[in-house]
Amino acid sequence: MPVRTFETGPATRDAYGDALCELGAENPRVVALDADLSKSTKSGVFGKKFPDRYWNIGIQEMNMVGMACGLANTGRIPFISSFAVFLMAKGFDQLRMNVAYACENNVKVVGSHGGISIGEDGPSQMGIEDVALGCLLPGFTVCVPADAVAAKALTKAAADHPGPVYLRMGRPKVPLVYRQGERFAFGKAKSHATGGDVAILANGLMLAEAIRASDLLRDEGIEATVLDVHTVKPLDEEAVLAAARECGAVVTAEEHLVHGGLGTAVAHCLALHHPVPLEFVGVADTYAESATPEQLLEKYGLTARAIADAARRAAARKGRSGSRGGGH
Amino acid sequence: MAAEKRPDPAVRGGDRSVADLEGIARRLRADIITMLEAAGSGHPGGSLSAIDVLTALWFREMRHRPEEPGWPDRDRFVLSKGHAVPALYAVYAEAGYLRRDELPTLRRLGSRLQGHPDRRFLPCLEGNTGSLGQGISIGIGMALGLRMDRSGARVYVMIGDGETDEGQVWEAALWAGAHGPKVDNLCVLTDVNRIQNDTFCDDELPLEPLGEKWRGMGWNVLDVDGHDMGAVVGALEAARACTGRPTQILCRTVKGKGVSFMENQPGFHGVAPTKEQAAKALVEIAAGLGGSGPAGAGLRAGGRS
């Protein structure tokens with residue numbers, strides 16, 4: 001089987017704008033706020049349709065989080081958006097105090113421009129810590145959709161979910177992995193391939209790369225399981241552990257620092273319940289730079305080839321001293 | 001007890017006289033001292049400076065229902081200077097949200113009366129605070145939401161003058177001032193007690209002219225003696241009458257007001273009274289003593305030995 005190619009779909013941020021407009025029409029309690037990046041986050045399309053339920057407040061991330069909490073106090077379902085790095089880093093204390101700790105605040109936090117695939121604008125605009133910051137907040141659901149279908153479905157699911165949600169969207173157009181109408185639930189991973197040699201757990205735009213990596217590996221006789229772990233928190237421990245038990249070796253792949261995101265969540269789960277060889281694909285302990293998205297993904301090792309390399313390493317470690325693969 | 005003659009809380013501007021309010025404030029001051037002494041830690045200075053304003057607000061101006069804390073049309077109150085929460089617990093006990101005998105559990109394991117406001121334990125609190133600078137933003141969101149509901153409810157946020165150092169205060173001030181007609185149901189009360197955690201505000205980060213700053217951003221600014229009950233009541237009524245702009249009431253207060261050895265002492269920002277100090281304080285409060293005269297008069301760090 002050749003390495004798969006995917007039709008290029010819209011950016012996940014475009015799907016966010018679409019979903020928000022549908023939510024606006026369906027639910028009068030849905031409101032949205034942005035902090036001067038409405039054209040980029042796509043919240044502006046909601047603002048055009050529902051001007052009485054939309055505030056583009058200015059460049060004030062801290063104030064935006066607080067305002068959202070006050071609106072939630074009166075029964076609204078606020079969606080707040082900015083670049084992932086600005087919202088999660090500048091708004092972190094407000095998210096901690098007013099959303100997570102005050103635990104009844106039903107605020108949906110949407111960071112666009114996640115990862116390094118934003119390209120030329122460079123590291124100041126790149127959210128590579130946002131998933132880690134979201135995961136640090138008790139009670140938060142943290143989700144990284146892989147394509148436009150998933151992004152739209154999970155945005156709509158966020159409105160129905162009672163409690164705080166962080167959704168991470170991306171800037172570039174990304175491969176369409178899912179068919180229209182595919183169903184998603186927070187905390188439920190989705191299987192894209194089943195094999196017994198190594199399990200690749202991916203999310204965001206790394207899911208398509210993980211699927212392509214499984215094709216590369218199959219040519220060498222290595223059968224890989226591939227899971228879309230779109231929800232990093234709460235982690236689908238059942239699916240993660242089933243894959244680890246079946247394959248005895250695991251690779252995580254994410255467009256995020258290797259620390260604090262999907263890899264860390266999976267490592268935590270495996271360390272507690274079923275230690276197996278584990279390899280991490282992500283941004284190493286560094287910041288990226290300005291270049292095209294494709295150049296950056298290549299340079300910083302976020303490719304199908306890098307995942308396949310990590311999978312071979314993980315599989316090769318099976319059965320060596322100190323690790324036990326496959327068994328119970 | 002005030003509980004028997006509580007006016008209909010759903011009717012704004014109950015029938016309490018200024019003298020009644022002063023009596024309540026005296027009782028609440030004693031409650032603050034008693035609970036802080038029992039806790040052995042906490043923030044007396046900023047609780048005592050704020051209590052007269054809180055008394056006027058909660059027992060005359062605000063509409064709320066202790067028997068129905070989640071009443072959608074309740075006036076909202078966010079204590080942005082969360083360290084003064086003993087003052088708010090005293091108010092809650094007086095109003096009937098808490099039993100007075102719960103007050104001495106402050107800061108104890110299992111108590112609903114956490115060291116800073118925590119609505120996980122006490123849901124009638126609006127917002128969790130204690131990280132300074134955040135309350136006005138929450139208040140703006142409440143004000144917008146209440147307007148969307150066509151509710152006549154108002155939103156009150158109390159901040160500290162030291163808290164005004166925080167950048168988020170100015171984000172919120174700028175936004176609300178620029179959108180005055182949408183949030184003229186918002187009133188911020190600044191407890192200008194002139195002392196922050198480490199020292200006098202003037203010696204750390206001078207804030208004046210505070211009124212000009214808020215006025216310049218589009219706020220209706222009132223300036224009152226925060227211990228003159230009649231003046232505070234009048235300012236709250238004037239704030240309610242103002243349309244088109246949110247109101248900032250600069251309440252000039254004395255940190256530690258009502259207890260001579262706490263007044264204007266930065267050392268009593270975050271230190272609870274000992275048993276002996278508490279006993280002396282309760283005597284002074286009962287006698288209506290307290291030596292500072294007009295709020296903030298002649299107060300400068302340089303004047304201290």
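**Charge distribution, fold and interface of the predicted two-chain model**

In chain A, the mean position of the 33 positive charges and that of the 37 negative charges are 3 Å apart. The model described here is predicted, and the values below were computed from it.

The overall dimensions of chain A were examined next. For a chain of 328 residues, a compact globule would have a radius of gyration near 20 Å; the value for chain A is 19 Å, which agrees with that expectation. The C-alpha trace of chain A extends over about 60 × 35 × 35 Å along its principal axes. Its secondary structure consists of 13 helices and 14 strands. Of the 328 residues in chain A, 64% are buried. Among contacts in chain A with a separation of 6 or more, 79% involve residues 24 or more positions apart. The accessible surface of chain A amounts to about 12,100 Å², and carbon and sulfur atoms account for 51% of that area.

Phe46(A) illustrates the local environment of a buried side chain in chain A. This residue is part of helix α3, which covers residues 44-49. Its relative accessible area is 0%, and Phe46(A) is therefore classed as buried, the cut-off being under 20%. Beyond its neighbours within four places in sequence, Phe46(A) makes contact with Leu20(A), Cys21(A), Gly24(A), Val30(A), Val31(A), Ala32(A), Arg53(A) and Tyr54(A). Asp219(A), by comparison, lies 173 residues from Phe46(A) along the chain, and the C-alpha atoms of the two residues are separated by 46 Å.

Chain B contains nine helices and five strands. Read from the N terminus, its elements follow the order α-α-β-α-α-β-α-β-α-α-β-α-β-α. Buried residues constitute 59% of the 305 residues in chain B. Residues 24 or more positions apart provide 77% of the contacts in chain B with a separation of 6 or more. The area exposed by chain B is about 11,000 Å², of which 51% is supplied by carbon and sulfur atoms.

The interface between the two chains was then characterised. The size of an interface is often expressed as the accessible area lost when the parts come together. Between them, chain A and chain B bury about 2,200 Å², with 53% of this area on carbon and sulfur atoms. Asn63(A), Asn73(A) and Tyr101(A) contribute 23% of the area that chain A buries against chain B, more than any other three residues. The contact comprises 24 residues from chain A and 28 residues from chain B.

Terms used
Residues are numbered from 1 along each chain as its sequence is written. Chains are lettered from A and ligands numbered from 1 in the order in which they are written. This is a predicted model: local features need pLDDT of at least 70, side-chain atom pairs count only at pLDDT 80 or more; totals for chains, interfaces and linings use all residues. Side-chain values use heavy atoms; hydrogens and water are left out. Helices (H or I, at least four residues) and strands (E, at least two) are DSSP runs, numbered from the N terminus. The radius of gyration is taken over C-alpha atoms; the globule rule is 2.2 Å times the number of residues to the power 0.38. Buried means under 20% relative accessible area, exposed over 50%, partly exposed in between (1.4 Å probe, protein chains only). Contact means heavy atoms within 4.5 Å. Accessible areas come from the Shrake-Rupley method with a 1.4 Å probe; for residues, only the protein chains shown count as cover. Lys and Arg count as positive and Asp and Glu as negative; His and the chain ends are not counted. The place of a charge is taken as NZ of Lys, CZ of Arg, CG of Asp or CD of Glu. Buried area is the accessible area (1.4 Å probe) that two parts lose on being put together, summed over both.
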